[in-house]
Amino acid sequence: MIINNSELKFAEKVILLDAAYINKVTADLSKHFSQVIGRELPKADLPIFLECVAMDAAIQPGENVLQVLFVYDKSQPKMDAFNPCDLKKELNDVAFKSQLGEFQLNAFEPSDMADREAFFLESVKLVADAKEVKHLVIVPSEAEYGDKLPEILEKVDGKESICVLGMNPLAPSEAFRWEMLGYAVLQALGIRSDEL
């Protein structure tokens with residue numbers, strides 16, 4: 001399946017996530033912090049994670065529609081560090097509401113013609129070029145292709161905000177703002193500030 005304008009109408013607020021990357025970061029942080037605080041951590045709560053990502057990207061509470069697009073590998077259709085985790089059965093064409101608005105979730109895997117990196121970067125270009133999208137939030141795989149994002153985002157016009165979340169800051173840019181992904185993960189894992 002591919003993301004294209006003929007089959008998917010974009011919302012004003014879009015969150016584009018690399019599922020393999022957020023799963024790896026969450027599993028790594030869960031393992032580390034369970035040792036630090038001395039208790040086993042539950043799987044990360046995906047709705048809480050998505051709410052925190054949206055808030056970190058400065059999306060305000062209200063009657064928003066937040067379109068969440070997961071890009072995943074055919075070989076890894078589950079995000080085992082999260083609950084719910086099945087990208088095909090539980091996280092595709094579903095929605096939930098919170099104080100931030102309605103989160104509409106869709107999951108996409110690259111066709112046999114492209115790998116996840118190429119598919120994700122093409123998806124960034126497609127969503128960034130869509131006139132109806134005003135706020136774009138991106139969680140890319142930094143180590144694999146994060147360095148290619150600034151060049152794409154420097155060419156984008158007409159957005160009120162673009163926010164990239166990750167664990168290591170990208171080179172500063174006027175085109176987007178960078179935020180730390182780890183805070184959203186720690187919230188989703190249920191780690192309290194007094195435990196740290």
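1. Lys 88 in this predicted model has a relative accessible area of 46% and is therefore partly exposed, since that value lies between the 20% and 50% cut-offs. Its side chain forms a salt bridge with Glu 109, in which the closest N and O atoms are 3.9 Å apart. Because Lys 88 sits in the loop between S4 and strand S5 (94-98), whereas Glu 109 sits in the loop between S6 and H3, the pair ties together parts of the chain that are 21 residues apart in sequence.

2. Glu 109 also forms a salt bridge with Lys 74, and here the closest N and O atoms are 3.9 Å apart. This pair links distant parts of the chain, 35 residues apart, with Glu 109 in the loop between strand S6 (101-108) and helix H3 (116-129) and Lys 74 in the loop between strand S3 (64-71) and strand S4 (82-83). The two partners sit in unlike surroundings: Glu 109 counts as buried because its relative accessibility is 12%, while Lys 74, at 47%, counts as partly exposed. A reader checking these contacts should bear in mind that the cut-off for a salt bridge is 4 Å, and that the N to O separation is 3.9 Å both for Glu 109 with Lys 74 and for Lys 88 with Glu 109.

3. Which residues are linked with Arg 116 in a network of salt bridges? The network consists of Asp 18, Asp 73, Arg 116 and Glu 144, and within it the side chains of Arg 116 and Glu 144 meet at 3.1 Å, N to O. That pair, too, links distant parts of the chain, since Arg 116 belongs to helix H3 and Glu 144 to helix H4 (residues 142-145), with their positions 28 residues apart. Arg 116 is buried, with a relative accessible area of 9%, whereas Glu 144, at 40% relative accessibility, counts as partly exposed. Over the whole structure, the search finds twelve salt bridges.

4. Asp 18, a member of that network, also has a role at the start of H1, where one of its side-chain oxygens reaches to within 3.2 Å of the backbone nitrogen of Ala 20. The 19 residues of helix H1 (residues 19-37) should span 27 Å at 1.5 Å a residue, and because the end C-alpha atoms are 26 Å apart, the expected and the modelled spans agree. Just after H1, Gly 38 takes a positive phi of about 75°.

5. The buried residues of H1 include Ala 19, Tyr 21, Ile 22, Val 25, Thr 26, Leu 29, Ser 30, Phe 33 and Ile 37. An α-helix has 3.6 residues a turn, so residues three or four places apart point the same way. Among the buried positions of H1, Ile 22, Val 25, Leu 29, Phe 33 and Ile 37 can be read with that spacing in mind.

6. Strand S7 (residues 135-139) is largely enclosed by the rest of the structure, because five of its five residues are buried. Both of its faces are covered, with His 135, Val 137 and Val 139 buried on one side and Leu 136 and Ile 138 buried on the other. In a regular strand the side chains alternate between the two faces of the sheet.

7. Two strands pair with S7 as follows. Strand S1 (residues 13-18) and S7 pair in the parallel sense over five bridges, and Lys 13 stands opposite His 135 in this pairing. S7 and strand S8 (residues 161-166) also run parallel, joined by four bridges, and here Val 137 stands opposite Cys 163.

8. Some backbone values deserve a look. Most residues other than glycine have a negative phi, and most peptide bonds are trans. A cis peptide bond joins Asn 83 and Pro 84, with omega about -10°, and Pro 84 lies in the loop between S4 and S5. Asp 93 is found in the loop between S4 and S5, and has a positive phi of about 60° although it is not a glycine; with a relative accessible area of 65%, Asp 93 is exposed. Ala 58, in the loop between helix H2 (46-56) and S3, likewise has a positive phi, near 70°, and is partly exposed at a relative accessible area of 46%.

Technical notes: Residues are numbered from 1 along each chain as its sequence is written. This is a predicted model: local features need pLDDT of at least 70, side-chain atom pairs count only at pLDDT 80 or more; totals for chains, interfaces and linings use all residues. Side-chain values use heavy atoms; hydrogens and water are left out. The expected span of a helix is 1.5 Å times one less than its number of residues. Buried means under 20% relative accessible area, exposed over 50%, partly exposed in between (1.4 Å probe, protein chains only). A polar contact is a pair of N or O atoms within 3.5 Å; within protein, one must be able to donate a hydrogen and the other to accept it, and residues adjacent in sequence count only if both atoms are side-chain atoms. Two strands pair if DSSP finds at least two bridges between them.
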